[in-house]
Amino acid sequence: MRIDGPCKLNGELRVHGAKNSTLPLLAASLLCKTEVVLHNCPRLSDVETAVRILKTLGCRVKREEETLLIDSSSLQGGEIPETLMREMRSSIVFLGAIVSRLGKARLSFPGGCELGPRPIDLHLAALRRMGLQITEDHGCLDCTVPGRLTGCPISLSFPSVGATENVMLAAACAKGTTVLSNAAREPEIVDLADFLNACGAHVSGAGGSEIVIEGVPSLHGCEHRVIPDRIVAATYLAAAAASGGEVLLHDVECAHLRLVLPVFEEAGCSMKVMQNQLWLCAPERLRPVKCIRTLPYPGFPTDAQAPVMAMLCLADGASVFVENIFENRYKYTGELLRLGARIKVEGRVAVAEGVKSLSGASVQAPDLRGGAALVVAGLASEGTTLISGLHHLDRGYEGLEKAFSETGARIQREKITLEDRKEEKDAASTF
Ligand code: EPZ
């Protein structure tokens, strides 16, 4: 991706459906005996991977514009091939739904990912309590449950989003009631509960730390609209703020950004909040933000840490970040340094000393949100920024460069030839 900066973003942007809601909803559709219609599904590579998993299991899936139609009536296989498991870590969330429907499942360990080791111990411990027998051998999980899963009290040592979703999917049609304590409270959890209840499940308390799921014999399909992607919204706001622009976001759920908007306010942005629109105007120069701690919802989301850090690299002072959710979520800061940012990382703490300006350079996206941070910084940098590793971006952002070019950015994708790549490698190796 080539960005010729600096360029202010001015105009209107529509926020697409949430990746982190679409994925568990696709897993949930495995539980439904009749057709599921999911509206506002974003075109993302992670969503395509989830669709491929459904098809591998024998489901029929069709896309009509932003709508996915899923028919799981002919579900047969319980195995997710290693390639698909490795492609997307969060495929583990299919486990609960598969064993609930088929009584067995075989999938490979999802493996680590760019954010450091991503264990699944909380998922497995919870499902074992519900009666799932899991043997781990040669990197594979072999799972069976004699009869049906059994509902029971479960408490998570950490409010894991994925583990909460796995338990909800395993408990929806289990025998008896499951009381899940210390559950994740993210909006995506509420969206999943709404979907399951529309399909005939009995889920209550979603959005709080205790969720009660009374098992029902089976679920029918439903029609459901995926909530807007709050991280895409935060990324658009960071891009507008970093570039000194003014944007109006459409299809945004402002309530999902409760602890994100105060950060933009402290940075000096003016904002107007309407039900599903949000207006932001950047100040001449951004102010630093004293301390941003990432926390489970409703705290500041870890996924917004990178784009907001990129924006605050231009503030007139130092901002402090504390990353409490993932071990290794500052990899992208090394790439921001190449653009002239001044960032010091010590373990979970990072300090971004604001600089007056950034200057374009060639950089590599290390992961999804780190890639978004490089785009945010590239928009504000003087000169050309070349960003490679776009497959990371495509996992979570649909049509990013189209959205930004329609609001004033000089941004486009370029096919680079093997020679260019070799030159790039040689150039990088001389540093
Ligand atoms: C979900 O990941 C999101 N992904 C992540 O978004 C997001 O960053 C994360 O929640 C936190 O909000 C999807 O929803 C597909 P967790 P998930 O289980 O479920 C530890 C993005 O950029 N943990 O809440 O994997 C784990 O190591 C992605 O869109 C265990 O120790 O997150 C991490 O440190 C990145 N054992 C912490 O909990 C477990 O069994 C949070 O993980 C599970 C998790």
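This is a short chat about a predicted model with a ligand.

Biologist: What should I know before I look at the numbers?

Modeller: The model is predicted, so local features need pLDDT of at least 70 and side-chain atom pairs count only at pLDDT 80 or more, while totals for chains, interfaces and linings use all residues. Residues are numbered from 1 along each chain as its sequence is written, and side-chain values use heavy atoms, with hydrogens and water left out.

Biologist: OK, how many residues surround the ligand?

Modeller: There are 23 of them, counting a residue if one of its heavy atoms lies within 4 Å. Asp-121, Leu-122, Ser-160, Asp-303 and Ile-325 are the closest.

Biologist: And which side chain has a polar atom 2.9 Å from a ligand oxygen atom?

Modeller: That's Lys-19. Arg-329 also puts a polar side-chain atom 3.3 Å from an oxygen atom of the ligand. Both are polar contacts, meaning pairs of N or O atoms within 3.5 Å.

Biologist: How much of the ligand does the protein bury?

Modeller: 87% of the 830 Å² that the ligand exposes when taken alone, with areas from the Shrake-Rupley method and a 1.4 Å probe.

Biologist: Switching topic: is Val-93 buried or exposed?

Modeller: Val-93 counts as buried because its relative accessibility is 4%; the cut-off for buried is under 20% relative accessible area (1.4 Å probe, protein chains only).

Biologist: What does Val-93 touch, then?

Modeller: Leaving out residues up to four places away in sequence, Val-93 touches Pro-24, Ala-27, Gly-162, Glu-165, Asn-166 and Leu-169, where contact means heavy atoms within 4.5 Å.

How values were computed: A polar contact is a pair of N or O atoms within 3.5 Å; within protein, one must be able to donate a hydrogen and the other to accept it, and residues adjacent in sequence count only if both atoms are side-chain atoms. Buried means under 20% relative accessible area, exposed over 50%, partly exposed in between (1.4 Å probe, protein chains only).
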